[in-house]
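Dear colleague,

I am passing on the structure below, together with some notes on what turned up when I went through it. Please have it open while you read.

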Amino acid sequence: MGDMTNSDFYTKNQRNEANHAGDFGCTLEELRSLMELRGTEAVVKIKETYGDTEGLCRRLKTSPIEGLPGTAADLDKRKLIFGKNFIPPKKPKTFLQLVWEALQDVTLIILEIAAIISLGLSFYQPPGEGNEGCATAAAGGEDEGEAEAGWIEGAAILLSVICVVLVTAFNDWSKEKQFRGLQSRIEQEQKFTVVRGGQVIQIPVAEIVVGDMAQVKYGDLLPADGIFIQGNDLKIDESSLTGESDQVRKSVDKDPMLLSGTHVMEGSGRMLVTAVGVNSQTGIIFTLLGAGGEEEEKKDKKGVKQEDGHQISDSSHTSSHPPSADDAAGANATDNTNASLVNGKMQDGNMENSQNKAKQQDGAAAMEMQPLKSAEGGDGDDKDKKKANMHKKEKSVLQGKLTKLAVQIGKAGLVMSAITVIILVLYFAIETFVINKKQWLPECTPVYVQYFVKFFIIGVTVLVVAVPEGLPLAVTISLAYSVKKMMKDNNLVRHLDACETMGNATAICSDKTGTLTTNRMTVVQAYVGDVHHKEIPDPEAIPAKTLELLVNAIAVNSAYTTNVLPPEREGGLPRQVGNKTECGLLGFVLNLKQDYQPVRNLIPEEKLYKVYTFNSVRKSMSTVIKMPDGSFRMYSKGASEIVLKKCSRILNATGEARIFRPRDRDEMVKKVIEPMACDGLRTICIAYRDFSSSPEPDWENENDILTDLTCICVVGIEDPVRPEVPEAIRKCQRAGITVRMVTGDNINTARAIAIKCGIIHPGEDFLCLEGKEFNRRIRNEKGEIEQERIDKIWPKLRVLARSSPTDKHTLVKGIIDSTQVEQRQVVAVTGDGTNDGPALKKADVGFAMGIAGTDVAKEASDIILTDDNFSSIVKAVMWGRNVYDSISKFLQFQLTVNVVAVIVAFTGACITQDSPLKAVQMLWVNLIMDTFASLALATEPPTESLLLRKPYGRNKPLISRTMMKNILGHAVYQLTLIFTLLFIGEQMFQIDSGRNAPLHSPPSEHYTIIFNTFVMMQLFNEINARKIHGERNVFDGIFRNPIFCTIVLGTFAIQIVIVQFGGKPFSCSPLELDQWMWCIFIGLGELVWGQVIATIPTSRLKFLKEAGRLTEKEEVPEEELNEDVEEIDHAERELRRGQILWFRGLNRIQTQIEVVNTFKSGTSFQGALRRQSSVTSQTQDVTNISSPSHVSLSNALSSPTSTSAAAAGQG
């Protein structure tokens, strides 16, 4: 929200209003106060002020039918006066803030302290010359120049710390930048339908202006506030704003107010946009929360003045931020009751919050993977409120394993470094004071302290090398890289960790329509006039009366937004716009050489008398029209077995209605519907009924209305299987993933499609169930779902037909909670409808359809399939497995280096009182290992071979036996060579020994060779690390990864520079060519040794331990175990509580703003109080709570922003 308080907006907008008051018949203020009214109050206000909604349209210079003219000048003027439809995002962290965060790392702090002490002591010259006799080791080859170079080591350590910090900060910064890019991409993709110049067009949400005529339909997330002009059966879920979970029915005469951030659950209609961006209800709340959060931050940095309105113009360029795209508007508003969370997670996926938490956790790795939660942070899970930083579900598989591993390694490193320091100190003390019987002289203290500091630095370096700080980095890089590449494969990842979870998926529950099939519906068979036509009949073959009824029934009883348009290019297929099933029916009308448009022109949408829209309960849609003679006719269409049950007549061959008895129906099901379904067709029945005008039927009593119908015809609609799907499903099955189809279609249709896709193979032992049968089998006598019963069904279940959204949720939950198999199942679900939300949220990974999906489904999902294609899911599996493998490769490399470096530093220190690898060298090694290797190994592209193995599952350890064999094998090779060089290297190369050198002696060639060999071995081992399953060819596909090649060569070049010119700071002395050759030769030995290790069969090495295993117990945090038992009702309760609190906070804020405004403008006080009381009465429905108005009022007078912050905090 930037640093703007509400008042900035007011002042800015009021200035505008002054200039443009004459242009429109109402000001921003008027509209804003209008939108704060609800229900009948609003209707009264509209009547009093504007006459009716038409009057309001006239004042806003727009037409209810034609919409805005859509000229650029007009749109710009509206944007200027009424504001743009975007909410300025919270400012991202500056680079310096990120640097500061990176500095909080404990190991780095210890190193900094050590380096500073070392620096201080090197400048401190003890008085007198008495210090010669202080310690034997202090004597030796020191001349004056050397003694003065004592500061270099401290300075070098500080420098390398700075390097590490800058690299980390830069990574965080680019991560956040990528994230914002992704976020804005999601936002730009969000479009909304409006009418401009009489044309129905789709525009980006940010382009909507006040006065637009927007078409709202089932599944939309409203992008702005507006007034309902006309429509049918519109029901809205306003829980995101009011906390009321019941759907609110909207009508022009009772409650016409539509608010941004709310979801359309049923019906359709048109709304006049009256408030956008920061002036919409969601925008107001956001501005307050933003301002409130900023206030709290400001309290720490006193005296930082708030920026003025200019900031708006800047940020509007950087990110167009429609409230709708920021789910915070909808979902989060209910869940995240505390303002700080809103600052952290809501805005734009800012990851600060989670990163701060990250730093406090010991598992270095665990953490920095938390930022991987995007803006969508607030999932509707009750757990989210319990623990702000708890993940959407349990930790993803990889995160759990990594956390554990990092903690184990960290502990080991600490122990090793402590022992190193203790041994060094004891060794020195015993030698100096016991064997040489020196006295501790006061003037010698600085010298001794200098020794101790040196020991301390060595200890810390051991720790630094032991702790794999590169782990979080590798994970982040790998995930971010995958997400970027997955975009090309039509996967838009919204929650980063979903991409890795997908690699472990064991089951996919997929929709049929549009995912497995092309979602291009065409009518291919029809039963009309007692004849079953196997292809589209000739219009002459159908009685004229029946044909007319059929055309009318299809044209009128379908959404008027659905159309079949001519093909874009010659010879192409006609374009289908809107609901695909309806497009198929309209196509049928066109194929019968008829036209539906004249019928629609005759009966425009406004003239429809009553519409029963399609929903998952009705499974049918009906429209009532008034005939010229005053009687009514209702057209109905829907799933054939449901509509036929309500038919008592059917049109015969002459177009006359004849009696249609239950036994006729059974025969028809056998002879017509089942054969159609077995061909994989979807059967739809079209029917009608006439009502007399007096007495007028009771339209609200659906059961009486939707009976006694006359069947016109039954059609079979084909939705062909996508050509690439059977192959994709075969890949899944080979990769150990079970594909299940969950569909609302008839069971025969579903089975036929499943066989075509290869989900089921004839002759196999599998189950195909209908929703009813499924429910009967999983529920006990009391009608409760029992896990044991689900466990009997799900392993064999392949097709679930005629299923409701709750069935889908039950199945997903049942599979996830099942303890029947030793691995917990990881389930992916695809969905496109509003009703798929619960299942998408419950699943480990939810895929929403980018084209056919509703906003609600996209909101609940983790990944959006931009091409709605099942084969993209297979790509996601491949990338997910690749992430897991990349991390394993990195670990294999990193741990080898860790083991070797720690042992070398430890034993070297104990035997020669000085680590052969100096602190600065260690830090350089750490840099190659961590940062560069994570880049190199984490960006390996995936290969098809990843799909040839089974999923790893939760219990498989991160470091397999094979990897352990590689780690220890290479460590043995490296240690042998390094110790050989350490103890007899000086004889091999005929050089001076570097052992037991005094404190500030110059760098020796001997130790430089050891350092150089060590680095060469790491470089060649990095190539070995590219394979983790014991493959022989480590160079396979190396040139497909340019980043890898660049990094290896780059590191090599820098190493040459360090050795030849590094000098004192790096404790290096330049080497001869033959010495270099030996170093490289020993390094190359790594590749040969790798082949030797590969020949040892892993199965023989039973003694090797695996590491990083997740056991069943740790998998689910304690709090969740007991929650799941009563998940639903508990969730409900939690949700209620959250909503009430949230609602209270909102109330207070709204009242306070109004009071403050009232005082500013001096207008009536009543408005504010009236609003407060009406809101309070609504709250009391939730549970009796009334927020005492006088308290809020008195608070409000003190300061608008700080109280709003407080209220948000209490709420």
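**Aromatic pairs, charges over rings, and one threonine**

Phe 428 has a relative accessibility of 3% and therefore counts as buried, the limit for that word being under 20%. Please keep in mind throughout that this is a predicted model.

Phe 428 takes part in a ring pair, and a pair of this kind is described by the distance of the centres and the angle of the planes. Across the structure, the count comes to 15 aromatic pairs. In one of them, the ring centres of Phe 428 and Phe 455 are 5.8 Å apart and the planes stand at 65°, and because an angle over 60 degrees counts as edge-to-face, that is how this pair is classed. Since Phe 428 belongs to helix H18 (residues 397-435) and Phe 455 to helix H19 (residues 445-466), the pair ties together parts that lie 27 residues apart in sequence. Phe 455, at 2% relative accessibility, is buried as well.

A further pair joins these helices: the rings of Phe 433 and Tyr 448 have centres 5.3 Å apart and planes at 80°, so this pair too is edge-to-face. With Phe 433 in helix H18 and Tyr 448 in helix H19, the parts tied together here are 15 residues apart in sequence. Tyr 448 is buried, its relative accessible area being 0%, whereas Phe 433 is partly exposed at 23%. These four residues, Phe 428, Phe 433, Tyr 448 and Phe 455, form one aromatic cluster together with Phe 452.

Elsewhere, there are rings that have a charge over them. Lys 610 lies over the face of Tyr 612, at a distance of 5.3 Å from the ring centre, and the charged end of Arg 1026 is placed over the ring of Phe 1044, 5.5 Å from the centre of that ring.

Finally, you may want to look at Thr 506, which is found in the loop between helix H21 (496-501) and strand S9 (507-510). Is Thr 506 buried or exposed? Its relative accessibility is 12%, so Thr 506 counts as buried, although it is a loop residue. Which side chain does the side chain of Thr 506 meet in a polar contact? The partner is the side chain of Gln 825, at 3.0 Å. Once neighbours within four places in sequence are left aside, Thr 506 is in contact with Gly 736, Ile 737, Thr 738, Gln 825, Val 826 and Pro 951.

With kind regards

Terms used: Residues are numbered from 1 along each chain as its sequence is written. This is a predicted model: local features need pLDDT of at least 70, side-chain atom pairs count only at pLDDT 80 or more; totals for chains, interfaces and linings use all residues. Side-chain values use heavy atoms; hydrogens and water are left out. Rings of Phe, Tyr and Trp (its six-membered ring) pair if their centres lie within 6.5 Å; planes under 30 degrees apart count as stacked, over 60 as edge-to-face and the rest as tilted. Helices (H or I, at least four residues) and strands (E, at least two) are DSSP runs, numbered from the N terminus. Buried means under 20% relative accessible area, exposed over 50%, partly exposed in between (1.4 Å probe, protein chains only). A charge sits over a ring if NZ of Lys or CZ of Arg is within 6 Å of the ring centre and within 35 degrees of the ring normal. A polar contact is a pair of N or O atoms within 3.5 Å; within protein, one must be able to donate a hydrogen and the other to accept it, and residues adjacent in sequence count only if both atoms are side-chain atoms. Contact means heavy atoms within 4.5 Å.
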